[in-house]
Amino acid sequence: MSDYKSCLGCGIGKNLEEFKKDKRATLGVTSRCINCINRMARESYARDPKKKLEKNALWTAQNLQKHREMNRANGFRNKNKRLLASRLWYLENKDRHLENGKQWSLNNPEARLLISINRRARKIQNGVFSISSKEVRNLLSALCAYCTIKPSAHLDHVIPISRGGVTSIGNLIGSCALCNQSKGNKTISEWRKVG
Ligand SMILES: [Zn+2]
Ligand SMILES: [Zn+2]
């Protein structure tokens, strides 16, 4: 058995590894070498790009399942690549990252509050209900619901989460820092008794 085959395209005798596998062909490889096959594909694409697109579309239609799997695998690879890239960026720009975070926090006080109350609620696992930044902004735009004197700076859980209260728009109220701290884990009536 010869390890060489002469390519029908370029006429050069080449090692079998330089051909594509084809069980039905002589010696189990294509009659043209990989170089020639690629070159012919390039030339054919240059002559008629549409044909290639049509062929691809046809292949996709006939191999939907495989197409999906390939896409998924690609997406997975790309996701890892993205994660790695952002991780690298973070390591190289740690200071800038922190600065960006600080700046973002300053620019987005409602979102920041939202993140912190969601984190707290998730820890206790009473359930978190979807609240929008706009709803938070509305709560904060009113005066403190308790003293009605100072502007709202905190989001207070009317029924504290430690007492089973949930993080939902119905259980949140804008309050000043002082009232929020003083109320702590008490319900409103408990707090009134103390105060
Ligand atoms: Zn060739
Ligand atoms: Zn207050």
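## Exercises on fold and core

Along the sequence, the protein runs β-β-β-β-α-α-α-α-α-α-β-β-α-α. Helices (H or I, at least four residues) and strands (E, at least two) are DSSP runs, numbered from the N terminus. The model is predicted: local features need pLDDT of at least 70, side-chain atom pairs count only at pLDDT 80 or more, and totals for chains, interfaces and linings use all residues. Residues are numbered from 1 along each chain as its sequence is written.

**Exercise 1.** Count the helices and strands, then judge the spread of the protein.

*Solution.*
- There are eight helices and six strands.
- The radius of gyration (over C-alpha atoms) is 33 Å, well over the 16 Å that the globule rule (2.2 Å times the number of residues to the power 0.38) gives for 195 residues, so the protein is more spread out than a compact globule.
- Its C-alpha atoms fill a box of roughly 100 × 35 × 35 Å along the principal axes.

**Exercise 2.** Find the largest nonpolar core and its suppliers.

*Solution.*
- A nonpolar core joins buried Ala, Val, Leu, Ile, Met, Phe, Trp, Tyr and Cys residues through C-beta atoms within 7 Å.
- Buried means 20 or more other C-beta atoms within 10 Å of the residue's own, with C-beta atoms placed from the backbone.
- The largest core has eight residues: Leu113, Leu114, Ile117, Val136, Leu139, Leu155, Leu172 and Ile173.
- Helix H5 (109-124), helix H6 (133-141) and strand S6 (172-175) each supply at least two of them.
- H5 gives the most, with three residues.
- Apart from this core lies another, of five residues, including Phe19, Val29, Cys33 and Cys36.

How values were computed. Chains lettered and ligands numbered in written order. Buried ≥ 20, exposed ≤ 12 C-beta atoms within 10 Å, placed from the backbone.
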